[in-house]
Each structure stands twice: as structure tokens, then as C-alpha cells.
Amino acid sequence: MIIRYAVSIALAACLPAVAAPPGPSQNLVAAQFDGMKALVGIWRPADATDSPLRIRFSLTAGGTVLVEEWTRNGRPHSLTLYHRDGAGLIATHYCPQGNQPRLTLLPTSQGRLLRFEYRDATDLDPENESHVTALAFDLSDPALLLRSESYRKRGVSAPSELRLVRVQ
């Protein structure tokens, strides 16, 4: 009897764990991240056809990370990585100033409007460096991307918005 019990325990230990089905918030975040994956391609400012700015979205790490790469005149400028974090979605912005703010998708983000807010940062000197504190995407129109952000330096925020069209 003891041998049969020991064998049963050993076999049970070899079985894969059964994960609980994703909850509603995990399903919503997965759908929002899938919506962001539609950005894959190259974008430019809508109002300035001759602008040297290009924003390239691509996927890496088996499609689990969305990369947003800014270039000016073909030279790297900044980088932001978006990926799932459990039941959430985070963005890490690699700024040309050398700091790396992390932002979290707000749970109030709905439909095609995604809003991220500042969570924390690495290598940030808040007294002397500007850093991103808010980021939003309006994905309502597949041909036009509205991307807004807010930077803060010495307690003063400076919001901006870009209207982008797809180049490729």
C-alpha cells in the first residue's frame, strides 16, 4: 500500500500544472496589446511629409514585446518597449537623456484609447532631466495614429501630440 501511494505521488508530480483561465482584466489587456500590434510598420508625422522623423513599430521576443523605435535622418533617437506584466501592460522608455521611465497601462483605458501613466524610472535625475510621465495612443483610425505624451522637468509638465500616418 505504501509503495502504491508513493508511486501515485511521484506520478502526480510529473503532471503539468493546470493554470486557471485568464480573468477579465487579463483578457482585456491581451486584447489591448493585440490592438497595439497593429501598429507594426513605419510611421511619419501626418502634417510634415518632409520630416526626418520616422517611428518604427516591430515585434520581438516571439511577438511578446512591441518595440517603438524613433529615428531622425536614419539615426537612432529613442526606444520604447511594450509588454505584458501579469494582468497589466507596461512601457519602458529609453530616453536619449539616459533615463528609463516605466509607465503602466491605466485600467480605465477602453476600446481603442490606451493611456499609460508614470510608475517609476531608473537612472533619473529629476532635478536636471526631463522624463516622460504620461503616454497615450488613440488607435481608432488604422490610417492615422494619434500619439500623445507628457514630459516633466523640475515639476513642470509639457504635453505634446503627434498625428502620424503609415509609410510602410
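This is a short walk through the strands of this model and two of its loop residues.

Okay, so before anything else: what we have here is a predicted model. The main thing to look at is the barrel. It's closed, it has 10 strands, and they run β1-β2-β3-β4-β5-β6-β7-β8-β9-β10 with antiparallel pairing. Going from one strand to the next, the twist averages 25°.

So where does β1 meet β10? Strand β1, residues 41-45, and strand β10, residues 156-166, are antiparallel and joined by three bridges. If you want a spot to click on, take Pro45, whose bridge partner in β10 is Leu164.

Now let's go over to β7, residues 113-122. With β6, residues 100-105, β7 pairs in the antiparallel sense over six bridges. With β8, residues 131-141, there are five bridges, again antiparallel. Phe116 is a handy landmark in β7: Leu105 stands opposite Phe116, and over in β8 the residue opposite Phe116 is Leu135.

Last bit, the backbone angles. Most residues other than glycine have a negative phi. Two loop residues here go the other way. Asn73 sits in the loop between β3 (65-72) and β4 (75-85), and its phi is positive, near 55°. Buried or exposed, then, for Asn73? Exposed, because its relative accessible area is 65% and the cut-off is over 50%.

The other one is Arg154, in the loop between β9 (144-153) and β10. Arg154 isn't a glycine either, and its phi is positive at about 50°. Its relative accessibility is 53%, so Arg154 counts as exposed too.

That's my tour, thanks.

How values were computed: Residues numbered from 1 in each chain as written. Predicted model: local features only at pLDDT ≥ 70, side-chain atom pairs only at ≥ 80, totals over all residues. Heavy atoms only, no water. Pairing = 2+ DSSP bridges. Helix = DSSP H or I, 4+ residues; strand = E, 2+ residues; numbered from the N terminus. Axes fitted to C-alpha atoms, helices over the stretch in contact; angles between N-to-C directions. Buried < 20%, exposed > 50% of the residue type's maximum accessible area, 1.4 Å probe, protein only.
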